Amino acid sequence: MPVAGSPARIAPGLEACAALTCGDDANAKMKTCRLCLPLVAALLLAPNPARAAAPVLAAPDLGFSAELPVNWTLTDMPGSEYRVGSGPTEGDFRVNLQISGVTSGEDLRGFTGDFERALQTKEPGYRLVSLEGFKTDAGLDLMRLVVESQMRAHHLQFFYLGPATKDRYFVLKASVPVSQVEKYGPVFDGVAKSIKVDAPPPSEEAPEAVAKPED
């Protein structure tokens, strides 16, 4: 997209001026240049058209946020505590990203191990595809887990696990048909790269009353 002051935006005005100033009449050239100067100035100063803002997937109580692709939307899904990032529809399947919070007293690797063992128990035909460390653009260390199961045949599930508040972890989950993994795997990684975890807002619960000392 051409930006203000860029050659792509100025060139058409210069070409128009050049076309009007052809010929040998010096007075005509000077007059035409005076007419063209405001046009060139307008092209130089014209504002850059605003780009569409990326929707933000968020879990405020976890301090979690991540940027979704600009063509995705945020939707409510039954059973999900937070809004879901919804992407394109592939056949009868809509690609999405869900966030959840899990309490654990383990460190990140211990939590990831517990999480994976729980998946093995509840997912029929469970198969570990990959498990590796992953770092966000903000320098946050995550674990990236990819698994396959027969619960949703011919799909891979992507999990990004990382620390949120004290004793709590976030789990960012996506599921995609195997045939679409090469297309959407980099998209999921891109969203995970944008993850930020800040201190959550203070609780709205009323503070406990403090007893006044006796006189």
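**Exercise 1. Contacts of a core residue**

Which residues does leucine 97 touch, not counting residues up to four places away in sequence? Place the result in the context of the nonpolar cores of this predicted model.

*Solution.*
Step 1. With residues up to four places away in sequence left out, leucine 97 touches Leu57, Leu68, Trp72, Val84, Gly85, Leu172, Lys173, Ala174, Phe188 and Val191.

Step 2. The largest nonpolar core has 29 residues, and Leu97 is listed with Phe64, Phe158, Phe188 and Ile195 as those that touch the most other members.

Step 3. Two or more residues of this core are given by each of strand S1 (56-59), strand S2 (64-67), strand S5 (93-103), S7, S8, strand S9 (168-177) and H4. Helix H4 contributes the largest share, five residues.

Step 4. A separate core of twelve residues also exists, with Leu119, Met143, Val147 and Leu161 among its members.

**Exercise 2. Geometry of aromatic pairs**

Determine how the rings of phenylalanine 158 and phenylalanine 188 are arranged, and then treat the pair of tyrosine 184 and phenylalanine 188.

*Solution.*
Step 1. A pair of aromatic rings is described by the distance of the centres and the angle of the planes. The model contains seven aromatic pairs.

Step 2. For phenylalanine 158 and phenylalanine 188, the centres are 5.3 Å apart and the planes meet at 65 degrees, so the arrangement is edge-to-face. The cut-off used here is an angle over 60 degrees.

Step 3. Phenylalanine 158 belongs to strand S8 (residues 155-163) and phenylalanine 188 to helix H4 (residues 181-193); the pair therefore ties together parts that are 30 residues apart in sequence. Both of these phenylalanines are buried.

Step 4. Tyrosine 184 and phenylalanine 188 form a stacked pair, with 6.3 Å from centre to centre and 25 degrees between the planes. For this class the planes must be under 30 degrees apart.

Step 5. Tyrosine 184 and phenylalanine 188 are four residues apart in helix H4, which means that about one helical turn separates them. Tyrosine 184 is buried, as is phenylalanine 188.

Step 6. Elsewhere, ring pairs join Phe111, Phe115, Phe159 and Tyr169 into a cluster.

**Exercise 3. Burial and contacts of an acidic residue**

Is glutamate 90 buried or exposed, and which residues is it in contact with, leaving aside its neighbours within four places in sequence?

*Solution.*
Step 1. Glutamate 90 is part of strand S4 (residues 84-90).

Step 2. The relative accessibility of glutamate 90 is 19%, so this residue counts as buried; the cut-off is under 20%.

Step 3. Once the neighbours within four places are set aside, the contacts of glutamate 90 are Val95, Gln180, Lys183 and Tyr184.

**Exercise 4. Strand pairing and hairpins**

Trace the antiparallel pairings from S6 to S8, and then those of S5 with S4 and S9.

*Solution.*
Step 1. Strand S6 (residues 127-135) and S7 run antiparallel and are joined by eight bridges. Phenylalanine 134 has leucine 142 in S7 opposite. The face of phenylalanine 134 is also covered by lysine 193, which lies over it at 5.4 Å from the ring centre.

Step 2. Five residues separate S6 and S7 in their hairpin, and glycine 139 in the turn has a positive phi of about 90 degrees.

Step 3. In strand S7 (residues 141-148), seven of the eight residues are buried. S7 pairs with S8 in the antiparallel sense over six bridges, and glutamate 148 has leucine 156 in S8 as its bridge partner. The hairpin of S7 and S8 has six residues between the strands, and histidine 154 takes a positive phi near 60 degrees there.

Step 4. S4 pairs with S5 in the antiparallel sense over four bridges, with serine 86 opposite asparagine 96 in S5. Two residues lie between these strands in the hairpin, where glycine 91 takes a positive phi near 65 degrees.

Step 5. S5 also pairs with S9, in the antiparallel sense and over seven bridges. The bridge partner of threonine 103 in S9 is arginine 168.

**Exercise 5. The chain as a whole**

How many helices and strands are there in the chain, and what percentage of its 215 residues is buried?

*Solution.*
Step 1. The chain has four helices and ten strands.

Step 2. Of the 215 residues, 36% are buried. The accessible surface of the chain is about 13,400 Å², with 56% belonging to carbon and sulfur atoms.

Step 3. Among contacts between residues at least 6 apart in sequence, 49% join residues at least 24 apart.

Terms used:
Residues numbered from 1 in each chain as written. Predicted model: local features only at pLDDT ≥ 70, side-chain atom pairs only at ≥ 80, totals over all residues. Heavy atoms only, no water. Phe/Tyr/Trp six-rings, centres within 6.5 Å; stacked < 30°, edge-to-face > 60°. Buried < 20%, exposed > 50% of the residue type's maximum accessible area, 1.4 Å probe, protein only. Lys NZ or Arg CZ within 6 Å of the ring centre and 35° of its normal. Pairing = 2+ DSSP bridges. Contact = heavy atoms within 4.5 Å. Core = buried A, V, L, I, M, F, W, Y, C linked by side-chain atoms within 4.5 Å. Areas by Shrake-Rupley, 256 points an atom, 1.4 Å probe, with all protein chains shown as cover.
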